[in-house]
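Here's a quick walk through a two-chain model, written for someone who'd like to get their bearings before opening a viewer.

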Amino acid sequence: MNGSGKLLVLGGAVLAAFGMLYGLHYALLVEHQTLDRMGNSLAQTFVSVANQNPKQAHTAIKTYGATRYDYVRQVDAHSHWGGLAMLMIVLGIVFDKLAFTENFRRGLAAALLTGSTLFPAAVLLQTADRTAMLGSVLAVLGSALVMVALAGVAWGFLREPA
Amino acid sequence: MSATRLLIFGGIALIVTGMLFGDIFAVFVLHQNGGRTGETLLAAARAAADRDAAGVRNAFASVDALLEDRGTKIDTHVHMTDAGYLALLLALVQPYVALPSRRKKRLAQAFLAGSVMLPVGIFLIHYVGLAYSPFAVIGWASVLADAGGAVLIVALAGEIWGFWKYIRGQAVRSDAEVAQHGSWAERVLLSGGTVLVLLGFLYGAWYAAFDLYPQEDAEVRILNTLAEQANANNAAGISVAINDYGGLGAAKAVSIAAHSHIIEFGMLALLLSFVQPYVFLSEAWKRRWVILFLAGSVLLPVCVLLELKLGLLAGGIADAGGLLVVIALIGMLAGIFRYTGRADALRTA
């Protein structure tokens, strides 16, 4: 296995372990409470309507929307870290079959790894401050990096070896 | 059985079981559960319109149970198939794990044990609940699932340690490398898998850019409308809002399912290309399973996306696509079963 392949396999394995640790932490300390908050705020909406308090109902819906926004992104970060990590490891094993120089392969591997780490982290960052654009910009950058690098990998598989 | 073959066999078995569970869930639970959730939300809105706060709480008590039922079944399906993918991956990196073969086998056994504990624990969460639990919100089934996750992490850490030793120059004594022969089946799975993954990424990017935020805004808007209609005691308005809410839920579900399934099938195709040397079947049969697998891998996500336009017809074809994938995997598993012992016999000869 060449250096770029090792980088992808090791980086992917670390990313997978990190994604699992995040998932374990999330399941133990955050998920149940988040789901409870979502269910309670939705129920509170209709209880408020029954109590003829529409203002409180709208506040409860707002809380539900915000909690769901965070929940979707937290679950997405976990699943994307795991999924991308697996892709890194698979590609790492066959990276020496790419018809590129080792330097170029290293660049592709670094781009794949950076994008795969950055994209889910940026998705998580979106929950820290919904109004800030930094999370969205970094998520777009991270995902673009992965897709461009992956297109490069596909091109490398198609090319005839020199 | 070596660690590599244990992981390949266990990995494919986990994927087949996870997919069969997903198919059964889609046919017998998903649509019915969605319908019941809509009915319960309607009951809550009607109770609110009648100024019956206790009725609202009763309705939501059953919504919680329905959501938990649905969520834990999706998680069981996802975690079982993903653990299977990871097992196949670990099988591929075994030639680069510089540990004694006995320890590698122990790690493989631990990994497979954790892979069963985690989804089984998740599945039981809905049925066991908080019975006999000393914790406020975590039941024994959650403890089983979390313990399974911890076992997986420990096994993975062991594999990383072995790979680190390989990188530091320690020789690997056991497990011959999974040799790729560049057969038709391997090449088609490799290229087909890459195309599927790329298509899935592109669709995911398109969904995140154009659908995700509007759908999130639409959910809050529909709920606000529902609350207003309930406040005005407008039965017709409540029904319209509930229908809109159900439609939105379906649109979100099919988009996410199409995105995740096409990528997962692509990954699985890539992984299966590596294990083809272990499939002890004639080249013609290997080709048949590959064609069946790729056909199902395209059919399922495409028809899932078409479900909103074509309804149950597309849903039925999507389920059939999933079944094609399962049949192809069972075919390959049979080939791997036939291989059992052959490599060891050759090595010791």
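What follows covers confidence, the make-up of chain B, and then the helix contacts within and between the chains.

## Ground rules and confidence

This is a predicted model, so a few filters apply: local features need pLDDT of at least 70 and side-chain atom pairs count only at pLDDT 80 or more, while totals for chains, interfaces and linings use all residues. Residues are numbered from 1 along each chain as its sequence is written, with chains lettered from A and ligands numbered from 1 in the order in which they are written.

pLDDT is the predictor's own confidence in each residue, on a scale from 0 to 100. Chain A averages 88, and 98% of its residues score at least 70. Chain B has a mean of 86, with 94% of residues at 70 or more. For the complex, the predictor reports an ipTM of 0.81 and a pTM of 0.78.

Helices here are DSSP runs (H or I, at least four residues), as are strands (E, at least two), and both are numbered from the N terminus. In chain A, confidence bottoms out in H4(A) at a mean of 87 and peaks in helix H3 (residues 102-128) at 93. In chain B, the low point is helix H9 (residues 342-348), with a mean of 61, and the high point is helix H3 (residues 101-128), at 93. Where pLDDT is low, the predicted coordinates should not be read in detail.

## Chain B on its own

Chain B has nine helices and zero strands. Its C-alpha trace spans about 85 × 50 × 35 Å along the principal axes.

The domain assignment splits chain B into domain 1 (1-178) and domain 2 (181-349); such bounds come from an automatic or database assignment. The C-alpha centres of the two domains of chain B lie 18 Å apart. Their contact takes 29 residues from domain 1 and 28 residues from domain 2, where contact means that C-beta atoms, placed from the backbone, lie within 7 Å. On the domain 1 side, helix H1 (3-49) and helix H2 (53-93) of chain B each supply at least two residues. The largest share of that side, 21 residues, comes from H1(B). By class, the domain 1 side has 22 nonpolar, four polar and three charged residues. For these classes, Ala, Val, Leu, Ile, Met, Phe, Trp, Tyr, Cys and Pro count as nonpolar, Asp, Glu, Lys and Arg as charged, and the others, Gly among them, as polar.

## A helix pair inside chain B

Two packed helices are described by the angle between their axes and the distance between the axes. The axes are lines fitted to C-alpha atoms, for helices over the stretch in contact, and the angles run from 0 to 180 degrees between N-to-C directions.

Helix H5 (residues 184-231) and helix H6 (residues 235-275) of chain B pack at about 165°, with axes 7 Å apart. That makes H5(B) roughly antiparallel to H6(B). The cut-offs are over 145 degrees for roughly antiparallel, under 35 for roughly parallel, 65 to 115 for roughly perpendicular, and oblique for the rest. The crossing of H5(B) and H6(B) is left-handed, meaning that the near helix is turned anticlockwise from the far one by less than a right angle (clockwise would be right-handed). Their contact has 26 nonpolar, 13 polar and five charged residues.

## Where the chains meet

How many residues of chain A are in contact with chain B? There are 44 of them, touching 48 residues of chain B. Helix H1 (3-50), helix H2 (54-93) and helix H4 (134-158) of chain A each give two or more residues to the chain A side. H1(A) has the largest share, with 22 residues. The chain A side divides into 32 nonpolar, eleven polar and one charged.

H1(A) packs with helix H4 (residues 140-167) of chain B at about 160°, with axes 10 Å apart. The two helices, H1(A) and H4(B), are therefore roughly antiparallel. Their crossing is left-handed, and the contact has 19 nonpolar, two polar and three charged residues.

H2(A) and H6(B) have axes that come within 11 Å and cross at roughly 25°, so H2(A) and H6(B) are roughly parallel. This crossing is left-handed. Gly83(A), Met86(A), Leu87(A) and Val90(A) of H2(A) make the contact with Ile263(B), Met267(B), Leu270(B) and Leu271(B) of H6(B). By class, that is seven nonpolar, one polar and no charged residues.

How values were computed:
Contact = placed C-beta atoms within 7 Å.
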